[in-house]
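Colleague: I am new to this structure and would like a close look at a single part of it. Could you take me through the place where two of the chains meet, and then set it in its surroundings?

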Amino acid sequence: MSDSTIITHGAPEAQHHEHPSYQRHHFESVEQQADATNFAMWLFLLTEIMFFGGLFTAYLIYRNWYYPAFVEASHQLNIFWGTANTAVLISSSFTMAMGVYFAETRRKGWLVFCLVLTFLLGLVFLGIKTIEYSEKIEKHHVPGFHYSVSAFTDPQSDPEIYKEYHDKPMALDMARHTELYFFLYFAMTGMHALHMIIGIAILGVMIFKARAGAYTAGHVTFVENFGLYWHFVDIVWIFLFPLLYLISRHQ
Amino acid sequence: MSEPIQHGVEHENDHGGHEHHVTPPIVYLVIFGCLLTLTGLTVGASYIEMGVFNPIVAIAIGVVKATLVVLFFMGVKYSTKLTKLTVGAGLFTFMVLIGMTLADYFTRAWGRW
Amino acid sequence: MNHISGVFWEFLVKWMTNFALFPPEASKIAPQMDALLFFITLVSLIGLTSVILLVTSFSILYSKERHPQAVQIEGSTLLEATWTIIPLGLFLIMFVWGSLIYFRVYTPPANAMNIYVVGKQWMWKAEHPGGQHEINALHVPMGRAVQLTLISQDVFHSFSIPAFRVKREAIPGRYTTVWFEPTTPGTYHLFCTQYCGTNHSAMIGDIVVLSPDDFKKWLAESTSGNSLAQNGEKLFASLSCNACHNTRPDARGPSLANVYGAKLPLASGGTVLADDAYIREAILNPSQHVTQGYAPIMPTYQGQISEEGVIALVEYIKNLNSDYRIQQTTNTTDLLPEGEGKVGAAGQKPAAQPAGQGMVKQ
Amino acid sequence: MSTNSNTIVSLPDQRTARIPKMNFLSKENGILSWLLTGDHKRIAILYLISITFFFFIGGALAGLIRLELLTPQSDLMATDTYNKVFTMHGVIMIFLFLVPSVPATLGNFLIPMMLGAKDLALPKINLLSWYLYMVGGILVITTMVTGGVDTGWTFTTPLSTHYVNTNVLTTGLAVFVAGFSSIFTGLNFIVTIHKMRCPGMTWFRMPLFVWSHYAASILMVLGTPVLAIAIVLVALERTVNIGIFDPTKGGDPLLFQHLFWFYSHPAVYIMILPGMGVISETISTFSRKRVFGYTAVAFSSVAIAVFGFFVWAHHMFIMGISNYSMLVFSLLTMLVAVPSAIKIFNWTFTLYKGSITFETPMLYSFGFMGLFTIGGLTGVFLGSSGTDIHLTETYFIVAHFHFVMVGGMLMAFLAGIHFWWPKMTGRMYPEKISQLAAVVTFIGFNLTFFPQFILGMLGMPRRYAAYPPEFQVLNVFSTAGATILGVGYLLPILYLTWSLKYGEIAGDNPWQATGLEWQTQSPPLTENFAVTPIMDHEAYDYEWLDQQKAKEVASVG
C-alpha cells in the first residue's frame with residue numbers, strides 16, 4: 001500500500017527547489033518523510049498481524065477440539081516441500097535485506113541483482129505451493145469441493161502416507177473434521193500466498209525503477225518499507241510452517 | 001499506553017537529523033545462517049517424540065526465528081522507541097485476541113453452571 | 001391513518017389506566033432481579049441529576065453576563081480522584097450483585113423438573129418428560145422449580161420470558177439451560193429475542209402458569225400416550241442401539257444403565273460427567289467420547305436423528321432403571337457394570353491428553 | 001468587535017470584510033481538482049458531502065421503521081421488508097455514517113491544522129480511503145436496489161451463512177472495503193500525530209480533540225482487521241461451505257461472535273471518542289476556560305481505547321460463553337465505564353467559574369452531556385450480567401446505543417460542524433435558527449428514544465416487525481418523536497447551505513478560540529499556514545490569546 005505514498009516524484013512546488021525531488025511538499029525534511037512513511041508501514045503491518053490473528057485463533061480452537069483429526073490431516077502435508085519452501089522464503093528475506101543494504105549504500109547493480117533474486121525466490125515459493133496444492137486437489141482434500149475422508153477412515157488407501165505414519169483408521173465423525181483442518185490450511189497458506197503475489201508484483205515494478213536508479217539516489221525509504229513487508233510475510237510463514245506441518249509429525 | 005510522552009520528547013530530536021543506521025551485510029549473513037540452522041533444527045525436532053513438548057519446542061523455535069527477523073532483517077534493534085512500542089502493541093493486541101478467546105473455550109469445560 | 005388513531009386512543013386509555021414500568025413479577029427470581037434493577041436505576045438517577053444540576057447551576061452562575069471574566073483553574077486531583085473512585089466503587093457493587101443473580105438464573109437446583117425446548121425457524125417446541133408436546137406455548141406448574149434444556153435446530157434463537165426475568169439463547173448443536181420458579185398463575189409472554197430471520201417477530205408464544213392441580217389435570221389431558229422416555233426407548237430399538245449397548249458380557253458397547261450423572265473414564269484419559277450434553281455428543285460424535293475399555297466403533301448419528309429424537313434418547317438413557325439424581329451425588333465408577341474397569345482395547349488414542357485436556361465442546 | 005455581553009462571537013466589519021482570495025477552495029477549480037486532490041481539507045469536504053448523503057438514506061430507513069412500528073401488526077411492509085430495512089439502516093448508519101462521521105470530516109480537516117502541519121502524513125492514502133469509502137457505499141446501495149439483505153448488521157452465523165438467501169456477500173464486501181477505509185484513516189492520523197507536529201507542539205500541548213482521535217485511531221488500526229477476517233470467513237462459509245461456523249460440521253457459531261465483537265465493541269469507542277474530542281473543544285471555548293484536568297481527560301481517552309479491547313464478550317453473556325469469562329468481561333466492562341464518567345465530570349467542572357455563552361455548538365454540547373450520561377449509565381445496566389439477562393436483546397439495548405450513538409455522537413458531530421463551519425467555509429451560520437434546531441433535536445430525540453427504555457424494561461424484543469398491542473402507545477410516542485427529530489436534522493442542511501452564500505463573513509477567529517486552526521485565515525490556505533507555526537503556549541491558554549490580541553491592536557494603532 002505504501003507505494004502510492006512515496007512513488008510520486010515530488011509534487012512540483014515552485015518554492016521548494018532546495019528539496020530533493022522525492023520529498024513531498026508537506027514534509028519539513030527528508031528525515032521526517034522517511035520516519036513517517038516507515039512508521040506508517042509498521043502500523044500497516046500491525047493490521048496485518050490482527051488480520052492473521054483471527055485465523056490463528058480459529059486454528060488453535062479447532063486443533064484442541066479435534067486433535068486426532070488435525071494430527072492425521074497434518075500427516076497429509078509434505079514436509080519436504082514445506083521445509084524447502086521455508087528455506088526459499090528465508091533466503092528471499094535475506095536477499096531482500098541485502099537489497100536494502102545496497103540501496104542504502106547506493107550500489108545500483110547489486111540492488112537490482114538482489115531484487116531480481118528476491119523476485120525469483122518468491123516465484124519459486126509460489127511454484128512449490130502450486131505443487132502442494134495440486135496434490136491436495138488430486139486427493140480431494142479441498143474443503144467444499146467433493147471433499148473425501150477416505151484417506152482418514154481407511155489410511156491404507158493412501159500407501160505412501162501410511163508407510164510413514166501408520167495412522168489408525170478414524171471414525172467417520174472425527175474424520176469429517178479433517179475438513180476443518182484443510183480449510184484452515186488453505187485459508188492460512190492461501191492468505192499468505194496472496195501476500196506473496198502482491199509482494200512479487202510490487203517487486204516487479206521496483207526492479208525497473210531500481211534500474212532507472214530511483215532508489216540509489218538517497219531515496220531508500222520505499223525499498224526499506226517494502227523490505228519490512230516482505231520480512232513480515234516471511235514471519236507469517238515461520239509460524240505457519242511448524243503449526244501446519246510439524247507439530248504433529250511425531251505421532 | 002502512556003509511552004506517547006516519551007515519543008513527544010524523543011520526537012523532537014527525531015527532527016534533528018536522526019542518523020539512519022545501516023546494518024552491515026555480515027550481520028545479515030549471520031542471521032541468515034541462524035535462520036537456516038533453526039529451520040533444520042525444528043524439522044529435526046519434529047521427528048523426535050517429546051509428547052507435550054513437540055508443539056512447545058516448535059513454537060519456541062518459531063518465536064526465536066521471528067525475533068531474529070524482526071530485530072535484524074527489519075532492523076527494530078536499531079530503530080526508535082516508537083517502532084519498538086508499535087511492535088509491542090501489535091503483539092499485545094494479538095495476544096489479547098487469542099488469549100481471551102481461548103480462555104472462554106478452555107473454561108467452558110470447568111463446572112457446569 | 002384513521003384506524004391507527006382509533007387504535008391509538010383505545011390503547012392510550014388502556015395504557016393510562018394500567019401504566020407499567022416493569023412487567024409483572026411472576027417468578028422467584030423476578031423480585032431479586034428487580035431489586036438490582038431499582039438499585040442501578042437509583043444510582044443512575046442520582047448521577048444524572050447531579051450532572052444536570054451542576055451544569056445548569058454553573059451555566060446560570062457563570063454565564064457571561066454575571067461572570068464576564070473566567071478564572072483559570074488547572075484541575076483538582078482530589079476532585080478527580082473522588083469522581084473516579086465513587087463511580088468505580090458503585091460499578092463494582094453492581095458487578096458483584098449482577099454476577100450473583102446471573103449464576104442464580106443459570107444454575108438449576110438439583111430437584112428441578114426438566115422440560116426440553118427445541119427452537120426452530122420459527123416456532124418453539126416444548127417436550128415434557130410425560131410426552132406432552134407443545135408448540136409456541138409452555139405450561140408450567142406454580143411453585144415448582146422448572147429447568148429448561150434448550151437447543152436450536154437451525155440458527156440462534158433466544159427464549160425470553162420477561163415476566164420471569166429470564167432469557168437464554170437456544171444455540172444450534174449445544175444444550176443450554178435456564179430455570180425459574182413461577183409464583184403467580186397466569187399467562188405471560190414468550191418471545192424469541194435473538195433475531196432469527198423472516199418470521200422472527202412471529203416466534204412468540206404463551207407461558208401458562210397453572211396451580212399444581214390444574215397442571216396435573218393439564219398433563220393428563222394433553223398426554224400423547226407415550227412418555228418421552230418411552231419414545232426414546234422405541235427409537236433406541238429402531239436404531240438398534242441395543243445391538244451393542246446391552247448388558248451381555250460380550251457387549252461391544254458399554255451398558256447405559258445408571259450411566260446418566262456418572263463420571264465416566266474416557267479412553268482419551270480423564271473423566272467426563274455424563275450429562276445431557278455429553279450423551280448428545282456421544283450420539284452425534286461418538287469417537288470423541290469413547291469410554292475406557294471400548295473400541296471407537298460406534299457410527300455417528302449426525303444428520304440421522306432430529307433434535308427431538310436425540311432428546312427422546314437422552315431422556316430414555318436418563319431414566320434407565322435408576323433415579324439418576326442419587327448417583328449424581330455418589331461416586332459412581334463402581335456402579336458401572338462388569339468389564340468397565342479393564343483398560344487397553346485396540347484403537348485408543350492417548351494423544352488427546354496434552355492439548356485436548358479441558359477443551360470439552362459443550 | 002461586537003460588544004454584546006451574551007456572546008463571544010466577534011466578526012470583522014461586514015462592510016469591509018471579504019473571504020480571502022487565496023484559499024484551499026479557490027486554489028484550483030474543476031471536478032478533477034477535487035477527485036484527485038491530496039489536500040486533507042478538500043478530502044474532508046468530500047467526506048462531509050458523502051457522509052451526509054448516506055446519513056439521510058439511513059435516516060429515511062429509520063423513518064420507515066418507526067412508521068411500521070406505529071401499529072402492532074406488520075401492515076406497512078412485510079416482515080421480510082422490515083428486516084431488510086432495519087438491517088440496511090444499521091449497516092449504513094454504523095459503517096457509512098458513525099464510524100467515519102467525525103474522524104473523516106472534522107478530524108481530517110482539523111488534525112493537521114491543530115498540529116500546525118501542512119497536511120496529513122499520507123495524503124494519497126487519505127484520498128484512497130475516501131475512494132474505498134465510496135466503493136463501500138456504492139456496494140451498499142447496490143445491495144439495496146438488488147433486494148437488500150436481512151441478516152441484521154451483526155451478520156449472526158449460522159443465519160447469515162446458511163439460512164438467508166439475500167445479498168450477504170455484497171454487504172460483506174461493502175463492510176470489508178469500508179473497514180479498510182477506516183483502517184487507513186486511523187493509520188494516517190496516528191502517523192500524523194506522531195510525526196507531523198510543529199515545533200513546540202508537545203504531546204501535552206495538543207488539543208484534546210487530537211488526543212481522542214489518537215485513541216480512536218488505535219482502535220481502528222488494531223480492531224478493524226479482525227472484522228475483515230470474520231467477514232471473509234462468513235463469505236467462504238457461505239460460498240464453499242467449509243463449516244467453520246457450522247455446528248453440524250463441527251464448527252462453532254460462537255467463534256464468529258468472538259471475532260465480530262472483537263472489532264464491533266471497540267467500534268462503539270471508535271464512534272464516540274472523536275465526539276468526546278469535539279465536546280472538549282466547544283466546552284472550553286464557550287466557557288473561556290482551560291479544560292478541567294486536561295491530563296485526566298487526555299488519558300481517559302487512551303484508557304478507553306485500551307480497555308475497549310477487553311470487553312467484547314459482554315455482547316455474548318446469554319449466548320453460552322463460559323461463566324468464568326463472563327465474570328472477567330463483566331468486570332472489565334465496569335472498569336471501562338469509569339473513564340467516561342471522569343470525562344463527564346471534568347467537562348462539567350470546566351464550566352465552573354467560567355464565562356459561559358450559549359451559541360449553538362454549546363447547546364449541542366449540553367445536549368451531548370445529558371444524553372451521553374444517560375446512554376453511559378444505561379450501559380451499566382447491561383454490563384452487570386444479572387440485569388443483562390432481562391434487558392439484552394430488547395428495546396432497552398436499542399435505546400441505550402441510540403442514546404450513545406445518536407444522542408452522543410450525532411450531537412457532537414453537529415456541535416463540531418457548527419463550531420468549525422466558519423473555519424471551513426469562511427461564513428457564519430445563522431445563529432437563532434440553529435439554536436432552535438438544536439433545541440428541536442434535543443426534544444425530538446428524548447421523545448423518540450426515552451419510551452424505548454420503558455419498552456425494553458417491559459420486555460419488547462428488538463427487531464420485531466409486529467409486537468403485542470400493549471406496547472403500542474409507547475411506540476406511537478417514539479414515532480412522534482422521530483418525526484420531530486427528522487425536522488431537527490433537516491433544518492441544519494437548509495440553513496447551512498443557505499449560509500454558504502449569504503452567511504456573515506466569519507474572519508479568522510469568530511469564537512476567540514485558542515487552537516492553532518483558528519490562528520490562520522478561514523477558509524485556510526491549501527498549506528494551512530503561511531509560515532510553519534511555533535507552539536509557544538499550552539492548549540486552551542486564553543491569556544495567551546488576549547496577549548496576542550493586545551499585540552495586534554498595538555501594531556495596528
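Modeller: What follows starts with the contact between chains C and D and then moves outward to the core and the other chains. This is a predicted model, in which local features need pLDDT of at least 70 and side-chain atom pairs count only at pLDDT 80 or more, while totals for chains, interfaces and linings use all residues. Residues are numbered from 1 along each chain as its sequence is written, and chains are lettered from A and ligands numbered from 1 in the order in which they are written.

Where chains C and D meet, 83 residues of chain C are in contact with 81 residues of chain D, two residues being in contact if their C-beta atoms, placed from the backbone, lie within 7 Å. On the chain C side, at least two residues each come from helices H1 (2-17), H2 (29-61) and H3 (77-106) and from strands S6 (157-161), S7 (166-170) and S9 (186-192); helices (H or I, at least four residues) and strands (E, at least two) are DSSP runs, numbered from the N terminus. H3(C) gives the most to this side, with 18 residues. By kind, the residues of chain C that touch chain D comprise 48 nonpolar, 26 polar and nine charged, where Ala, Val, Leu, Ile, Met, Phe, Trp, Tyr, Cys and Pro count as nonpolar, Asp, Glu, Lys and Arg as charged, and the others, Gly among them, as polar.

Turning to the core, the largest nonpolar one has 390 residues, and those with the most contacts inside it include C:Val117, D:Ala230 and A:Leu43. Such a core is a set of buried Ala, Val, Leu, Ile, Met, Phe, Trp, Tyr and Cys residues joined through C-beta atoms within 7 Å, and a residue is buried if 20 or more other C-beta atoms lie within 10 Å of its own. Leaving aside residues up to four places away in sequence, A:Leu43 touches B:Thr86, D:Leu187, D:Ile190, D:Val191 and D:Val221.

In chain D, helix H7 (residues 168-195) has 26 of its 28 residues buried. At 1.5 Å a residue, H7(D) should span 40 Å, and because its end C-alpha atoms are 40 Å apart, the two values agree; the expected span is 1.5 Å times one less than the number of residues.

As for the other two chains, chain A has ten helices and zero strands, and 56% of its 251 residues are buried. Chain B has four helices and zero strands, and 30% of its 113 residues count as buried.

Terms used: A residue is buried if 20 or more other C-beta atoms lie within 10 Å of its own, exposed if 12 or fewer, and partly exposed in between; C-beta atoms are placed from the backbone.
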